[in-house]
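Reader: I'd like to go through this model with you and hear how each label gets earned. Can you take me through it?

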Amino acid sequence: MEKMRTGSVVRRVKVAVIDNGFDYESLKEYKPDGESFVYHGGKEQNWFFASDLHGTQMATFITQLNPFCELFLAKVGHLRKDIKSDAVRDVSQPTSSSLFA
């Protein structure tokens, strides 16, 4: 924190939250980046649409611990019970995710 007050450049930590979607309005002050790994009818589902608040709650908790982190929000299911293991695997692939950009 001292470095921030003195004007030194501090590298922000990138944190990935892998869940079933996120409420962008609740997190927009942190300018999160995100990507969906969920498709329905051949169409990618928006990462910023959540069927429940779990992903948003987890991301909020993380920003409370470190308000200077850089959030990457990955949607890997519609509901908590249908998290797709292949989608979770895809998040970790540098070629398919902007997490590594």
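**The sheet and the ring cluster**

Author: Sure. Three strands make an open sheet in the order S1-S5-S2, paired in parallel. Strands are DSSP runs (E, at least two residues; helices are H or I, at least four), numbered from the N terminus, and two strands pair if DSSP finds at least two bridges between them.

Reader: What makes S1 and S2 edge strands?

Author: Strand S1 (14-19) and strand S2 (33-36) each have a single partner strand, so one side of each has no neighbour in the sheet.

Reader: How do you know that S1 and S5 pair?

Author: They share six bridges in the parallel sense, and the cut-off is at least two. Asp-19, for instance, has Lys-75 in S5 as its bridge partner.

Author: A word on the source: this is a predicted model, where local features need pLDDT of at least 70, side-chain atom pairs count only at pLDDT 80 or more, and totals for chains, interfaces and linings use all residues. Residues are numbered from 1 along each chain as its sequence is written, and side-chain values use heavy atoms, without hydrogens and water.

Reader: Why is the Tyr-24 and Trp-47 pair called edge-to-face?

Author: Ring centres must lie within 6.5 Å, with planes under 30 degrees apart stacked, over 60 edge-to-face and the rest tilted. Here the centres are 6.0 Å apart and the planes at 80 degrees, so edge-to-face it is.

Reader: Why does Trp-47 count as buried or exposed?

Author: Buried means under 20% relative accessible area, exposed over 50%, partly exposed in between (1.4 Å probe, protein chains only). Trp-47 has 12%, so it's buried. Tyr-24, at 30%, is partly exposed.
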